[in-house]
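Here is a guided walk through one protein chain, written for someone who would rather look at side chains than at tables. Please keep the structure open beside the text and turn it as you read.

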Amino acid sequence: MEIDGLDYNTQRDKLKLMAYGRDIQQMVERCTALPTKEERQKCAAAIIEVMKRVVPSQMDNKERIPALWYHLALMSDFKLDIDYPVDIIHEDKMAIKPGKMDYTNKAGMGVRHYGRLLAAIFDKLKAMPPSKERDVLAEKTATQMFRSLTAWGMGTADKEKVVSDMARFTDGVIQFDPNSLFLEHLTKGIISQDSAYHVRGQVEYMKRKKRKKK
């Protein structure tokens with residue numbers, strides 16, 4: 001049903017930015033239609049002051065001023081011809097998608113569960129000559145690999161996997177005997193910690209449940 005004199009939002013043009021409301025949108029449209037650039041410039045400055053008052057917490061925030069001018073341009077469909085005090089990115093430039101970013105370390109992409117640092121250690125082990133220092137570093141690396149497998153593998157890890165990955169990522173330079181590695185004790189602390197978190201979560205759940213009953 002249509003009644004003369006009544007203006008419904010459903011019959012109006014869609015707002016560009018709903019946060020500022022229709023009154024400011026109409027101000028921008030009238031400002032855009034002003035005949036001289038000087039008039040438009042003064043009108044635009046006045047509209048910015050009104051836009052500040054729409055969000056009072058932002059009135060004294062100088063970092064928000066560029067955003068207000070950009071919103072003004074957006075509400076005018078970038079048709080408002082004035083001297084903007086900030087750089088305005090046009091709508092057609094905004095539609096351009098940024099280029100694809102390359103991974104900083106493509107060589108380490110296959111060992112995400114071990115991390116970039118361990119990938120760097122693998123490279124170091126490959127370059128080191130046989131020595132006691134290399135053996136110690138290899139053992140410490142194997143320990144960390146086992147911990148990473150346990151953490152990211154829901155508590156499942158085995159020495160064979162560590163030995164296989166170590167040989168693979170060092171190009172066969174480091175060859176471990178699975179029987180010479182003692183890593184199982186490392187899972188005890190992790191498993192007990194997980195159990196503690198589980199118990200703590202159950203206790204908190206029961207406390208919340210009691211509070212709701214009260």
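The paragraphs below go from the overall fold to the helix packing, the cores, the salt bridges and two unusual backbone positions.

A word of orientation to begin with: what you see is a predicted model. Its secondary structure consists of 8 helices and 0 strands, and reading from the N terminus the elements run α-α-α-α-α-α-α-α. The chain has 214 residues, and 27% of them count as buried. If you look at contacts between residues with a separation of 6 or more, 48% come from residues 24 or more positions apart.

A good place to start is a pair of packed helices. Such a pair is described by the angle between the two axes and the distance between them. The axes of H2 and H3, the latter spanning residues 65-75, come within 10 Å and cross at roughly 115°. This crossing of H2 and H3 is right-handed. On the H2 side, the residues that meet H3 are Ala44, Ala45, Ile47, Ile48, Met51 and Lys52. Their counterparts in H3 are Ile65, Leu68, Trp69, His71, Leu72 and Met75. Sorted by class, the contact between H2 and H3 holds 10 nonpolar, 1 polar and 1 charged residues.

Now move along the chain to the largest nonpolar core, which has 17 residues. The residues with the most contacts inside this core are Tyr114, Phe122, Met145, Met166 and Phe176. At least two core residues come from each of H5, H6 (132-152) and H7 (159-169). H6 gives the most, with 5 residues. To get a feeling for the surroundings, centre your view on Met166. Leaving aside residues up to four places away in sequence, Met166 touches Phe122, Leu125, Ala138, Thr141, Ala142, Met145, Ile174 and Phe176. Apart from the largest core lies another one, of 15 residues, including Tyr20, Ile24, Met51 and Ile82. Met51 may look familiar, as this residue is also among those of H2 that meet H3.

Next come the charged side chains. Side chains of opposite charge can pair when their charged atoms come close. How many salt bridges does the count give? The count comes to 7 salt bridges, and a few of them deserve a visit.

Two of these pairs sit in H2. Lys42 and Glu38 form a salt bridge with an N to O distance of 3.7 Å. Both residues lie in H2 (residues 37-54), 4 residues apart, about one turn of the helix, and both are exposed. Further along H2, Lys52 pairs with Glu49, with the closest N and O atoms 3.3 Å apart. Here the spacing is 3 residues, again about one turn of the helix. Is Lys52 buried or exposed? Its relative accessibility is 15%, so Lys52 counts as buried. Glu49 has a relative accessible area of 35% and is therefore partly exposed. Lys52 also appears in the contact of H2 with H3, so do look at this residue from both sides.

Another pair belongs to H5, which covers residues 116-127. Lys126 and Asp123 form a salt bridge there, and their closest N and O atoms are 3.5 Å apart. The two residues are 3 residues apart in H5, about one turn of the helix. Lys126 is partly exposed because its relative accessible area is 30%, and Asp123 is partly exposed because the value is 43%. Salt bridges with shared partners join Asp123, Lys126 and Asp171 into one network.

Asp171 leads us to the last stop, the backbone. Most residues other than glycine have a negative phi. Asp171 is not a glycine, yet its phi is positive, at about 55°. You will find Asp171 in the loop between H7 and H8 (186-213). With a relative accessible area of 60%, Asp171 counts as exposed. Which other aspartate has a positive phi although it is not a glycine? Asp77 does, with a phi of about 60°. Asp77 is placed in the loop between H3 and H4 (91-94). At 35% relative accessibility, Asp77 counts as partly exposed.

Note on methods: Residues are numbered from 1 along each chain as its sequence is written. This is a predicted model: local features need pLDDT of at least 70, side-chain atom pairs count only at pLDDT 80 or more; totals for chains, interfaces and linings use all residues. Side-chain values use heavy atoms; hydrogens and water are left out. A salt bridge is a side-chain nitrogen of Lys or Arg within 4 Å of a carboxyl oxygen of Asp or Glu. Buried means under 20% relative accessible area, exposed over 50%, partly exposed in between (1.4 Å probe, protein chains only). A nonpolar core is a set of buried Ala, Val, Leu, Ile, Met, Phe, Trp, Tyr and Cys residues joined through side-chain atoms within 4.5 Å. Contact means heavy atoms within 4.5 Å. Axes are lines fitted to C-alpha atoms, for helices over the stretch in contact, and angles run from 0 to 180 degrees between N-to-C directions. A crossing is left-handed if the near helix is turned anticlockwise from the far one by less than a right angle, and right-handed if clockwise. Ala, Val, Leu, Ile, Met, Phe, Trp, Tyr, Cys and Pro count as nonpolar, Asp, Glu, Lys and Arg as charged, and the others, Gly among them, as polar.
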